[in-house]
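Biologist: Please show the structure, so that its aromatic contacts, one of its helices and one of its interfaces may be discussed.

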Amino acid sequence: MIVHTDYLFFNTKKRQEFVRITDEVQRIVEASGVKEGTVLVSAMHITAGVYVNDWENGLIHDFQEWLEKLAPSGLDYAHHQTGEDNADAHLKRTIMGHQVTLPITKGALDLGPWEQVFYAEFDGQRRKRVVVKVMGIA
Amino acid sequence: MIVHTDYLFFNTKKRQEFVRITDEVQRIVEASGVKEGTVLVSAMHITAGVYVNDWENGLIHDFQEWLEKLAPSGLDYAHHQTGEDNADAHLKRTIMGHQVTLPITKGALDLGPWEQVFYAEFDGQRRKRVVVKVMGIA
Amino acid sequence: MIVHTDYLFFNTKKRQEFVRITDEVQRIVEASGVKEGTVLVSAMHITAGVYVNDWENGLIHDFQEWLEKLAPSGLDYAHHQTGEDNADAHLKRTIMGHQVTLPITKGALDLGPWEQVFYAEFDGQRRKRVVVKVMGIA
């Protein structure tokens with residue numbers, strides 16, 4: 001059994017930004033030598049998420065508008081009494097999910113035709129990290 | 001270590017339909033020979049989800065009404081400028097989650113008394129797929 | 001390959017209560033002997049969740065207020081025709097997520113600086129259970 005660990009780093013220009021990471025995850029899977037197994041892709045910061053959905057700019061816009069409606073910024077959150085101003089980022093990442101586990105079959109990510117993996121940043125403009133943990137057999 | 005892969009196929013009659021798949025997943029676990037491990041059950045299409053909750057028609061109705069309120073169909077989504085009309089399905093599946101990982105103990109799904117696994121279709125009436133990846137030891 | 005199973009039990013004093021369980025999960029990881037792998041932490045009851053976020057009381061308050069807004073209690077849910085009164089608990093746990101998979105690196109949970117694991121109870125005051133499944137290599 002192989003267990004292989006790597007990390008992806010992000011420092012987005014905008015506070016909120018969705019970044020496609022399918023190819024980066026696939027490269028880590030290839031480097032691991034795992035042919036059959038799974039890979040966990042998980043945000044290590046609590047104001048960011050990882051999700052699987054469409055690589056289509058309109059839909060990404062829809063997601064961001066929708067999240068702003070469900071978990072608005074600028075409200076008088078109790079968390080802000082600590083000096084923070086990002087409570088909405090914690091809520092938004094909860095809606096999107098903070099991690100995915102992807103199947104690996106015959107050495108490649110076993111994804112449907114439209115499945116793409118995204119890093120969802122909700123409080124960026126600083127260095128942040130995603131852990132990628134590959135497990136399986138050669 | 002055993003890694004066993006299978007797929008479930010769906011072609012729902014209605015656009016939106018929740019289908020219980022606990023028994024199908026259990027059968028794949030049995031076929032794998034894994035006695036201790038986990039099974040990943042993950043929608044391969046981005047307008048469908050997989051979730052664990054109650055097998056009770058009233059609650060399924062409540063879920064569907066609630067999702068329609070949180071992520072309404074028929075709005076003027078940016079995604080629809082591509083010719084699609086299913087942006088709400090992408091959002092709804094995000095709320096429900098697109099995958100679960102179930103523990104396997106003594107050769108069976110290690111579920112609580114009311115836990116049932118569901119496939120949640122939000123843009124059906126066509127052939128769609130779920131990947132089932134079993135990992136563990138005999 | 002090691003597969004190690006344990007359970008955490010809860011009986012919260014309040015109906016809704018979020019309980020930090022990072023240390024309990026870490027102790028199970030240590031007992032398993034797994035140095036590289038993953039641990040699945042999953043609620044076995046369908047009115048409770050498991051999530052990763054901040055250990056800050058203001059934010060926990062914000063989460064609970066937000067969930068009450070998105071999935072209110074006291075509505076006339078169809079599920080309540082069965083005699084239940086907890087439909088909102090099923091919805092709230094869906095937003096928070098019912099399970100997480102945590103990476104294990106060098107024998108410890110591989111978490112970011114602010115990541116803490118929580119059990120989110122939405123219909124407590126009775127005995128409930130979380131399964132903890134550790135998989136990996138020594």
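The following exchange concerns a predicted model.

Biologist: How are the rings of C:Tyr51 and C:Phe63 arranged, stacked, edge-to-face or tilted?
Modeller: Planes under 30 degrees apart would count as stacked and planes over 60 as edge-to-face. The two ring centres lie 5.7 Å apart and the planes stand at 55°, so the arrangement is tilted.

Biologist: Which elements of chain C does this pair tie together, and how many residues apart in sequence are they?
Modeller: C:Tyr51 belongs to strand S4, residues 48-53 of chain C, and C:Phe63 to helix H2, residues 57-70 of chain C. The pair therefore links S4 and H2, parts whose separation in sequence is 12 residues.

Biologist: Is C:Phe63 buried or exposed?
Modeller: Buried requires a relative accessibility under 20%. C:Tyr51, at 4%, counts as buried. C:Phe63 has a value of 1%, so its class is buried.

Biologist: Which residue lies over the face of C:Trp55?
Modeller: A charge over a ring must be within 6 Å of the ring centre. In chain B, B:Arg129 lies over the face of B:Tyr7 at 4.8 Å from the ring centre. Over C:Trp55, at 3.8 Å from the ring centre, the residue is C:Arg20.

Biologist: What arc do the buried residues of helix H1 of chain A cover around the axis?
Modeller: In an α-helix there are 3.6 residues a turn, so residues three or four places apart point the same way. The buried residues of H1 (residues 22-32) of chain A are A:Thr22, A:Val25, A:Gln26, A:Ile28, A:Val29 and A:Ser32. They are on the same side of H1(A), because the arc they cover is only 160°.

Biologist: Which residues are exposed on the other side of H1(A)?
Modeller: Exposed requires a relative accessible area over 50%. On that other side of H1(A), the exposed residues are A:Arg27, A:Glu30 and A:Ala31.

Biologist: What area do chain A and chain C bury between them?
Modeller: The contact involves 26 residues of chain A and 33 residues of chain C. Carbon and sulfur atoms account for 65% of the area buried between chain A and chain C, which is about 2,400 Å².

Biologist: Which residue of chain A forms a salt bridge with C:Glu36?
Modeller: Between chain A and chain C the count is 1 salt bridge. Its closest N and O atoms are 3.0 Å apart, against a cut-off of 4 Å. The partner of C:Glu36 is A:Lys133.

Methods. Residues are numbered from 1 along each chain as its sequence is written. Chains are lettered from A and ligands numbered from 1 in the order in which they are written. This is a predicted model: local features need pLDDT of at least 70, side-chain atom pairs count only at pLDDT 80 or more; totals for chains, interfaces and linings use all residues. Side-chain values use heavy atoms; hydrogens and water are left out. Rings of Phe, Tyr and Trp (its six-membered ring) pair if their centres lie within 6.5 Å; planes under 30 degrees apart count as stacked, over 60 as edge-to-face and the rest as tilted. Helices (H or I, at least four residues) and strands (E, at least two) are DSSP runs, numbered from the N terminus. Buried means under 20% relative accessible area, exposed over 50%, partly exposed in between (1.4 Å probe, protein chains only). A charge sits over a ring if NZ of Lys or CZ of Arg is within 6 Å of the ring centre and within 35 degrees of the ring normal. The arc is that of the directions from the helix axis to the C-beta atoms. Contact means heavy atoms within 4.5 Å. Buried area is the accessible area (1.4 Å probe) that two parts lose on being put together, summed over both. A salt bridge is a side-chain nitrogen of Lys or Arg within 4 Å of a carboxyl oxygen of Asp or Glu.
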